[in-house]
Amino acid sequence: MSTEDNKIDQIIKTIEENDLKFLRLQFSDINGLPKNMSVSLKKANDIEDIINDGLLFDGSSITGFSSINDSDLLAKPDIDTFSTIPWRPEERGSCRLICDVFTADGKPYEGDPRGVLKKSLKLAEDRGYQFNMGPEPEFFIIKKDENGKYIPADNAEYFDVEPLDQGTDIRREIVLGLEKLDFNIEVSHHEVADGQHEVDFKYADALKTADAVITFKEAVKALVDKLGYKATFMPKPFFGINGSGMHCNQSLFKNGKNIFYDPDTETQLSQEALYFIGGLLKHAKALSSILSPTVNSYKRLVPGYEAPCYIAYGLKNRSTLIRIPASRGLGTRIECRSADPSCNPYLAFAVLLEAGLDGMDNKIDPGEPTEDNLFGLNSDELNQRGIETLPTSLWEAYHALEKDEIVKNALGSYVYNQFYKLKTQEWDNYRIQVFDYEQENYLNV
């Protein structure tokens, strides 16, 4: 019996033992929002046909997918992604498989974000590398006040405990729910801002991690909703307090060894690590469009709230775009701090990898690390050091993407064109709005 047959048998056994009656076939749209179709399982081995044949669906109404005149697509499950769904009723419960998307004639669909990442990972694999990713997605737990306006659910601060931290029991339920989904949770805690929280899970290969980020956000929202609150991964939901990031910790392994680690250098960073950093810095402006993909993202990337604004790297420096955490050996990693949890993790991890590989291929020197607090430097001091700023708006970011062939090629022409079109529409829709701020300041002009 093949390994795949063994896995299918184990899935059937789990369905029978847990009396599971519904199977969700899940994929994501171009924005990273999960989409699914639910199939009724009349008998447990119905799932075998679905795994082998997949399920046709209409892709014309999925954001960033097919046009209406060429809309037949095929969702084919990845059997390594099977899990039960702990926030659904246990009796006659539900399970889930994440799918790759194909055209009706069985070819990989170029608009599938998961396929974009798999294509990039193949480039690393062809060089003998495994690309690992450890994200740190932050989120807010919010509630409505007496006027129906959303506000943070508590006023606690970093690492606070109850009674200030009203989220202790909520995080407990989140962690227990995620562990049922086989997440390896490392730590959970209250974050800096009112109502802000973080639950970190162990790094893994980038495809598994991207699947996990989609599942994480879905699970957190569902579990918090059951407790009478709302969870949001909006980058900057409230003015005047920190926004939510999703720091991306990256490493490359070859033959079981972390190639970013070199015990014989002063910093214990390898030359490959430095070149990888060079690639990230070179492509930082275009990367911003994918890592920080919404109008709201750029209200987080401002001085004073621990979010990066400047294109530089440091070893321990949390004011730089790229930071190298203190851990060495297998734990050596490169942390990109500009990403936020509104990004599509499949696209984000793909462009980070290809930007880093470009740095390695072309031996891009990142220069010396910066250990000063960049938030304390004025524009002249930054210019003297040759430190540029990240885009300050979505408009700047997608125009930087327009000029960057490495990042565009990582996305592929179809996804790039769809993404670019959606982002220009988003900016135009935002640009023509009239906000309370404007009425408060300009009505008397």
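# Reading helix packing, ring pairs and single residues

User: In this predicted model, at what angle do the axes of helix α1 and helix α2 cross, and within what distance do they come?

Analyst: Two packed helices are described by the angle between their axes and the distance between the axes. Here the axes of helix α1 (residues 3-17) and helix α2 (residues 46-53) cross at roughly 140° and come within 9 Å. Since only angles over 145 degrees count as roughly antiparallel, α1 is oblique to α2. The crossing of α1 and α2 is right-handed, and the residues that meet are Ile8, Ile11, Ile12 and Ile15 from α1 and Ile47, Glu48 and Ile51 from α2.

User: How is the packing of helix α7 against helix α8 to be read, and what is the angle there?

Analyst: The two descriptors are again the angle and the distance between the axes. Helix α7 (residues 284-291) packs against helix α8 (residues 345-361) at an angle of about 165°, and their axes are 9 Å apart. That angle makes α7 roughly antiparallel to α8, and α7 passes α8 in a left-handed crossing. On the α7 side the contact involves Leu287, Ile290 and Leu291, which meet Leu347, Ala348, Val351, Leu352 and Ala355 of α8.

User: Turning to the rings, how many aromatic pairs does the count come to?

Analyst: A pair of aromatic rings is described by the distance of the centres and the angle of the planes. With rings counted as a pair if their centres lie within 6.5 Å, the count comes to 20 aromatic pairs. In one of them, the rings of Phe131 and Phe276 have centres 6.4 Å apart and planes at 35°, so the pair is tilted. Because Phe131 lies in strand β7 (residues 130-144) and Phe276 in helix α6 (residues 271-282), this pair ties together parts that are 145 residues apart in sequence. Both Phe131 and Phe276 are buried.

User: Which geometry do the rings of Tyr398 and Tyr420 have: stacked, tilted or edge-to-face?

Analyst: The centres of the Tyr398 and Tyr420 rings are 5.4 Å apart and their planes stand at 80°, so this pair is edge-to-face. The pair links distant parts of the chain, with Tyr398 in helix α10 (residues 394-402) and Tyr420 in helix α12 (residues 413-431), 22 residues apart. Both tyrosines, Tyr398 and Tyr420, are buried.

User: Which residues form one aromatic cluster, and which residue lies over the face of Phe435?

Analyst: One aromatic cluster is formed by Phe27, Phe57, Phe65, Tyr109 and Tyr414. As for Phe435, Lys299 lies over the face of its ring, at 5.9 Å from the ring centre.

User: How should I read the surroundings of a single residue such as Leu97, and is Leu97 buried or exposed?

Analyst: A reading can start from the place of the residue, then take its accessibility and its contacts. Leu97 is in strand β6 (residues 94-103), and because its relative accessibility is 0%, Leu97 counts as buried. Leu97 and Leu23 are 74 residues apart in sequence, while their C-alpha atoms are 7.5 Å apart in space. Setting aside residues up to four places away in sequence, Leu97 touches a set of residues that includes Leu23, Arg24, Leu25, Ile47, Ile51 and Phe82.

User: Where is Glu218, and is Glu218 buried or exposed?

Analyst: Glu218 is in helix α5 (residues 206-226); with a relative accessible area of 18%, Glu218 is buried, the cut-off for that word being under 20%. Apart from neighbours within four places in sequence, Glu218 is in contact with Arg24, Gln26, Pro34 and Trp87.

User: What does the same reading give for Ala193, which is in a loop?

Analyst: Ala193 is in the loop between β9 (185-190) and β10 (196-201), and at 3% relative accessibility Ala193 counts as buried. Leaving aside neighbours within four places in sequence, Ala193 is in contact with Phe140, Ala156, Ile241 and Asn242. The C-alpha atoms of Ala193 and Lys122 are separated by 39 Å, and these two residues are 71 residues apart along the chain.

User: What is the phi of Phe159, and what is that of Asp182?

Analyst: Phe159 has a positive phi of about 65° although it is not a glycine, and Phe159 is found in the loop between β8 (150-152) and α4 (168-180). For Asp182, which is also a residue other than glycine, phi is near 70°, a positive value. Asp182 is found in the loop between α4 and β9, and with a relative accessible area of 67% Asp182 is exposed.

Conventions
Residues numbered from 1 in each chain as written. Predicted model: local features only at pLDDT ≥ 70, side-chain atom pairs only at ≥ 80, totals over all residues. Heavy atoms only, no water. Phe/Tyr/Trp six-rings, centres within 6.5 Å; stacked < 30°, edge-to-face > 60°. Helix = DSSP H or I, 4+ residues; strand = E, 2+ residues; numbered from the N terminus. Buried < 20%, exposed > 50% of the residue type's maximum accessible area, 1.4 Å probe, protein only. Lys NZ or Arg CZ within 6 Å of the ring centre and 35° of its normal. Axes fitted to C-alpha atoms, helices over the stretch in contact; angles between N-to-C directions. Parallel < 35°, antiparallel > 145°, perpendicular 65-115°, else oblique. Left-handed = near helix turned anticlockwise from the far one by under 90°. Contact = heavy atoms within 4.5 Å.
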